[in-house]
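Me: I am new to protein structures and would like a close look at one small part of this one. Could you take me through it slowly and then show me how the rest is built?

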Amino acid sequence: MPFHGVDYFQVADLLTDEEKLISATFRRFVDDEIMPVIGRHFRDGTFDQTWPRRLGTLGALGANLVGYGCPGLGAVAYGLIMQELERGDSGVRSFASVQGALVMYPIHAFGSEEQKLRYLPKLASGELIGCFGLTEPDFGSNPGGMRTTARETSDGYVLSGEKRWITSGGLADLAVVWAKCDDGLVRGFVVERGLPGFSTRDIHGKFSLRASVTSELIFEDCLLPKSSLLPGVKGLRGPLSCLNQARFGIAFGAVGAAMACYDEALSYCKERVQFAGKPIAAHQLVQLKLVDMLQEITKAQLLCLQLGRLKEAGKSRPQQVSLAKRNNVKMALECARNARDLLGANGITDEYQSGRHMCNLESVFTYEGTDHIHTLIVGEDITGSAAF
Ligand code: TGC
Ligand code: FAD
């Protein structure tokens with residue numbers, strides 16, 4: 001059953017056999033290979049180095065891209081993979097999102113043939129790891145203000161500046177970096193690790209996404225060859241188009257985290273006895289919380305499915321993706337908080353997973369466009385007035 005027991009409206013009946021099979025495959029992978037180790041990685045703040053190759057072998061990296069060693073799946077199948085991965089941990093889904101939607105997608109959509117052949121097959125297999133550098137210390141919600149520059153010279157470009165909060169930065173063999181050129185337009189560059197002037201520094205002390213690497217990228221007069229430019233796009237439209245792909249995956253992924261919290265809370269409430277020998281699941285206020293969770297998860301599942309079908313038909317709009325990311329992440333965070341509450345004191349330990357999801361989802365609420373930014377994107381769409 002693709003929705004892992006949480007499928008109150010038989011949404012699985014609307015999936016193709018292939019989509020059900022893909023979802024079941026990733027459910028097994030998460031149950032067998034992520035769940036036994038994720039608590040330890042979260043506690044230790046470590047990313048499991050075996051995951052990239054495993055995810056590559058299973059076809060999770062760039063799953064919806066066509067050619068160059070990519071599986072070429074439909075949008076819904078891709079979304080279901082993200083959903084299952086985030087049922088395990090947002091950090092695992094983040095790794096796959098960044099690799100597929102933020103590194104492989106721009107190379108696939110805007111790269112030269114040489115760049116596609118050089119990077120995509122190895123990124124798809126997990127042999128190479130990539131990261132995406134858009135955010136800077138002083139420019140998060142407003143990436144258009146970025147200070148990183150790429151000055152053109154006779155041999156290539158000189159890249160100078162700093163990117164911060166970059167998922168997989170410290171692990172990456174290559175970074176897709178967005179910088180302003182001499183004409184003030186933002187352009188994308190593929191920057192390989194090892195180039196003089198390019199270094200990374202990991203960010204520690206995180207409450208959230210502890211099983212994911214988050215880093216700074218530092219460029220000190222880093223000389224890039226001309227061939228590192230992504231030739232197919234100019235302007236902020238380049239990085240923002242990548243965000244549409246990643247936000248789509250997050251909308252599905254957040255549902256997975258919410259389903260994990262609901263599952264955990266429901267079984268706990270059926271077992272845990274307080275007052276008059278009754279399980280807490282038999283108390284009205286507890287049922288209210290469980291029903292609220294189920295109701296919101298069900299709506300989010302249907303929203304995702306329709307968004308996916310629109311995307312497959314080439315009809316989805318970035319503003320619809322924003323609405324889905326906004327709704328589903330807020331919903332998942334609320335579910336995680338409710339589940340944590342229903343687990344009582346046990347909910348604050350890492351013996352249970354709801355507290356981990358709750359902490360992770362705080363990052364998911366902020367990255368890929370904060371809740372406010374998605375509100376304003378949809379607000380502008382319906383009113384015609386930009387309120388950023
Ligand atoms: P604005 O003037 O509206 O647009 C500039 C140009 O971009 C085009 N555009 C888009 N194109 C494709 N997709 C979209 N969603 C687009 N939105 C806008 C627009 O048409 C225009 O094109 P052109 O050709 O006319 O120049 O830009 P703005 O500077 O006013 O900014 C708009 C705003 C605030 C919505 C945008 O900057 C934004 O989305 N800010 C949030 C930043 C963000 O989400 N950063 C995420 C960084 S990556 C990350 O967090 C990874 S987390 C790890 C993981 O995924 O797991
Ligand atoms: P700010 O933009 O400073 O926002 C702070 C607060 O102000 C928020 O509540 C925001 O909604 C509000 N705000 C800002 N402007 C407005 C406005 N106009 N109207 C109303 N409210 C507003 N970035 C990458 O490029 N690559 C990555 O791989 C990546 N991975 C990340 C991983 C993690 C774990 C995290 C936490 C972040 C990651 N990011 C990445 C960065 C992420 O995209 C930014 O954190 C996000 O865009 C918000 O930027 P900020 O943190 O600077 O917050």
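Is Ala-276 buried or exposed, and what is its relative accessible area?

Reply: Happy to help! Keep in mind that this is a predicted model. Ala-276 is exposed: its relative accessible area is 77%, and the cut-off for that word is over 50%. You can find Ala-276 in the loop between α6 and α7, where α7 covers residues 284-312. Its backbone has a feature to look for as well: phi of Ala-276 is near 50 degrees, which is a positive value in a residue other than glycine.

A second residue makes a good partner for this one. Glu-368 is not a glycine either, yet it has a positive phi of about 60 degrees. Glu-368 also sits in a loop, the one between α9 (354-366) and α10 (371-383). Its surroundings are another matter, though: with a relative accessible area of 14%, Glu-368 is buried, since buried means under 20%.

Now let us step back from the loops. The protein chain contains ten helices and nine strands. Its C-alpha trace spans about 80 × 45 × 40 Å along the principal axes. For 388 residues, a compact globule would have a radius of gyration near 21 Å, and the chain's value of 21 Å agrees with that. Of the contacts with a separation of 6 or more, 73% are between residues 24 or more positions apart.

What about the inside? Buried residues make up 54% of the 388. The largest nonpolar core has 95 residues, and those touching the most other members are Leu-55, Ile-81, Leu-85, Ile-107, Trp-178 and Ile-297. Helix α6 (residues 237-271) gives this core its largest share, 17 residues. That is the helix on one side of the loop holding Ala-276. To see the packing around one core member, pick Ile-81: leaving out residues up to four places away in sequence, it touches Ile-22, Phe-26, Gly-59, Ala-60, Ala-63 and Leu-73. Another core, of 18 residues, lies apart from the largest one and includes Tyr-157, Leu-159, Phe-198 and Cys-222. In soluble globular proteins, nonpolar side chains tend to be buried together.

Finally, the outside. The chain exposes about 16,300 Å², with carbon and sulfur atoms supplying 53% of it. It carries 41 positive and 44 negative side chains, and the centres of these two sets are 2 Å apart.

Notes. Residues are numbered from 1 along each chain as its sequence is written. Chains are lettered from A and ligands numbered from 1 in the order in which they are written. This is a predicted model: local features need pLDDT of at least 70, side-chain atom pairs count only at pLDDT 80 or more; totals for chains, interfaces and linings use all residues. Side-chain values use heavy atoms; hydrogens and water are left out. Helices (H or I, at least four residues) and strands (E, at least two) are DSSP runs, numbered from the N terminus. The radius of gyration is taken over C-alpha atoms; the globule rule is 2.2 Å times the number of residues to the power 0.38. Buried means under 20% relative accessible area, exposed over 50%, partly exposed in between (1.4 Å probe, protein chains only). Contact means heavy atoms within 4.5 Å. Accessible areas come from the Shrake-Rupley method with a 1.4 Å probe; for residues, only the protein chains shown count as cover. Lys and Arg count as positive and Asp and Glu as negative; His and the chain ends are not counted. The place of a charge is taken as NZ of Lys, CZ of Arg, CG of Asp or CD of Glu. A nonpolar core is a set of buried Ala, Val, Leu, Ile, Met, Phe, Trp, Tyr and Cys residues joined through side-chain atoms within 4.5 Å.
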